[in-house]
Amino acid sequence: MKSRDSSCLVFAAICLAAFALCAAGPQLSDSQGLSNHLHTPTGLPDHAILGTNLQTTVLSASRPTIPVILDTDIGTDIDDTWALALLLRSPELDPKLILMETGDATYRARITAKFLAVAGRTDIPIGLGVNSRPMSESLRNQDPWIKDYDLSRYPGEVAADGVGRMIRIIEESPAPVTIIAIAPSPNLAVALARAPGIAARCRLVGMFGSFAVGYSGGPPVSPETNVRVDPAALRAVLAAPWRDVLLTPLDTCNAAVLTGENYHRIWNATGDPTLRAVIENYCIFAPRVNWMNCDYFALRSSTLFDCVAVYLAYSEAFVETETIRFHISNDGYTLRDDHGEFTARAALHWKNLSAFQDHLTARLLRTHQQ
Ligand SMILES: [Ca+2]
């Protein structure tokens, strides 16, 4: 495994050199007009931020902020890293805790800690999840980025009992908390078992499921990873009486890719430490990931599933939602069922995917109008 590490580090160094060259090169430079077509987002209507009680809270503030807990398995697929960047760049959202979900919590926390330090946001607490366990190297796709970063270097809070920290934040919050769940959900299930009352104080926005679209981009449906890894945990989570549940299944989030001008604007943002960290991690991730051939990393993003969940925490302007009833199979399928155990709102279609992609780009670049 050492040799894989070494070769990946060499490859990452080459990638980063290519990244720097491309970023500086005239073929991708703004001088050829790559920046000229960046759209600012369409206006985000007040009614796009849903949830009756939440809406009251949001609209009563002079600068609306929604207290948020991000439940993430950052460090395996790269989309969590993009999602964390989007969270930090969303003025409507006030991150109260980043909670490490499933697998090796310390590995995930080290990535989060270094990323928050790079972004200048060490005010945000990090919570270690329950049932932390060793992970195979094949799931530690950003390991080289934190090779020399020890969690003790994080100047902010690292809560060993991240679930307990989450419960306390929710119970003490004067406003309803939005939990953005972008991972399998054993931590959330444990939190609900320990403090069932938290659901009534929270809205849940999650990246879960596949109703008509699978990983191929169309039928057949897939056992989506966040469901398949722990169906029992998700059943426990969705059975709780949340104020609102809103899902982005593969039906919408599988189309969340940045390409062309949008992607190159971000690739070129080498003076922005946060976006540089995103691209560095992507360059490290690309040759290591074993479930796809990610050799297109200089041209476009991989699928940014989790960014859609972060987006839905503050707006629904670009999606169509539907309240659906379904059950969860033991092998990880979410299946429509008129007599199913679960009901949730789900973003099943895009109203305007390209507008979302422009909006996501503008947000990340901080060129959007606030
Ligand atoms: Ca994830």
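Mentor: In this predicted model, helices and strands are DSSP runs, of at least four residues for a helix (H or I) and at least two for a strand (E), numbered from the N terminus. Counted that way, the protein has 13 helices and 10 strands. One loop sits between β6 (202-206) and α7, and Pro-220 lies in that loop.

Trainee: What makes the bond between Pro-219 and Pro-220 a cis peptide bond?

Mentor: Look at omega. The angle is about 0° for the bond that joins Pro-219 and Pro-220.

Trainee: Next, burial. What makes Thr-102 count as buried?

Mentor: Count its neighbours. Thr-102 has 26 other C-beta atoms within 10 Å. The cut-off for buried is 20 or more, so Thr-102 is buried. The residue sits in the loop between β2 (93-100) and α4 (105-119).

Trainee: What is notable about the phi of Thr-102?

Mentor: Phi is positive, about 65°, although Thr-102 is not a glycine.

Trainee: Which other residue has a positive phi without being glycine?

Mentor: Arg-366, with phi near 60°. Arg-366 lies in the segment after α13 (353-365).

Trainee: How do you know whether Arg-366 is buried, exposed or partly exposed?

Mentor: Arg-366 has 13 C-beta neighbours inside 10 Å. Exposed needs 12 or fewer, and buried needs 20 or more. The value 13 falls in between, so Arg-366 counts as partly exposed.

Trainee: And what is the label for Arg-89?

Mentor: Arg-89 has 19 other C-beta atoms within 10 Å. Buried takes 20 or more, so Arg-89 stays partly exposed. Arg-89 is in the loop between α3 and β2.

Trainee: Which residues does Arg-89 contact, leaving aside neighbours within four places in sequence?

Mentor: Arg-363, Leu-364 and Arg-366. Take Leu-364: its C-alpha is 6.1 Å from that of Arg-89, with their positions 275 residues apart in sequence. Across the protein, among contacts between residues at least 6 apart in sequence, 83% join residues at least 24 apart.

Trainee: Now helix pairs. Why are α3 and α11 called roughly antiparallel?

Mentor: The axes of α3 (residues 79-88) and α11 (residues 273-288) come within 10 Å and cross at roughly 170°. Angles over 145 degrees count as roughly antiparallel, so this pair earns the name.

Trainee: Which residues meet there?

Mentor: From α3, Thr-81, Trp-82, Ala-85 and Leu-88. From α11, Thr-274, Leu-275, Val-278 and Asn-281. The contact divides into 5 nonpolar, 3 polar and no charged residues.

Trainee: Why are α10 and α13 called roughly parallel?

Mentor: Their axes are 10 Å apart, at an angle of about 10°. Angles under 35 degrees count as roughly parallel, so α10 and α13 fit that label.

Trainee: How does the contact of α10 with α13 divide?

Mentor: Into 3 nonpolar, 3 polar and 2 charged residues. Asn-262, Arg-265 and Ile-266 of α10 meet Gln-357, Asp-358, Thr-361, Leu-364 and Leu-365 of α13.

Trainee: What makes α10 mostly covered?

Mentor: Of its 8 residues, 6 are buried. They are Asn-262, Tyr-263, His-264, Arg-265, Ile-266 and Trp-267. For the whole protein of 370 residues, 49% count as buried.

Trainee: How do you know that the buried residues of α8 line one face?

Mentor: The helix covers residues 231-238, and its buried residues are Ala-233, Leu-234, Val-237 and Leu-238. Seen down the axis, they fall within an arc of 125°, so they line one face of α8. An α-helix has 3.6 residues a turn, so residues three or four places apart point the same way.

Trainee: What do the buried residues of α8 pack against?

Mentor: α6 (186-194), α7 (225-228), β7 (244-247), β8 (319-328) and β10 (342-350).

Trainee: Which residues have the most contacts inside the largest nonpolar core?

Mentor: Ile-180 and Cys-307, in a core of 102 residues. Helix α11 gives the most to this core, with 9 residues. Beyond four places in sequence, Ile-180 touches Val-68, Leu-70, Asp-71, Val-205, Ala-309, Val-310 and Ala-313.

Trainee: Last one. What makes Gly-206 buried?

Mentor: Gly-206 has 28 other C-beta atoms within 10 Å. With the cut-off at 20 or more, Gly-206 is therefore buried. The residue is found in strand β6 and touches Ala-181, Leu-247 and Ala-309, not counting residues up to four places away in sequence.

Conventions: Residues are numbered from 1 along each chain as its sequence is written. This is a predicted model: local features need pLDDT of at least 70, side-chain atom pairs count only at pLDDT 80 or more; totals for chains, interfaces and linings use all residues. Axes are lines fitted to C-alpha atoms, for helices over the stretch in contact, and angles run from 0 to 180 degrees between N-to-C directions. Angles under 35 degrees count as roughly parallel, over 145 as roughly antiparallel, 65 to 115 as roughly perpendicular and the rest as oblique. Two residues are in contact if their C-beta atoms, placed from the backbone, lie within 7 Å. Ala, Val, Leu, Ile, Met, Phe, Trp, Tyr, Cys and Pro count as nonpolar, Asp, Glu, Lys and Arg as charged, and the others, Gly among them, as polar. The arc is that of the directions from the helix axis to the C-beta atoms. A nonpolar core is a set of buried Ala, Val, Leu, Ile, Met, Phe, Trp, Tyr and Cys residues joined through C-beta atoms within 7 Å.
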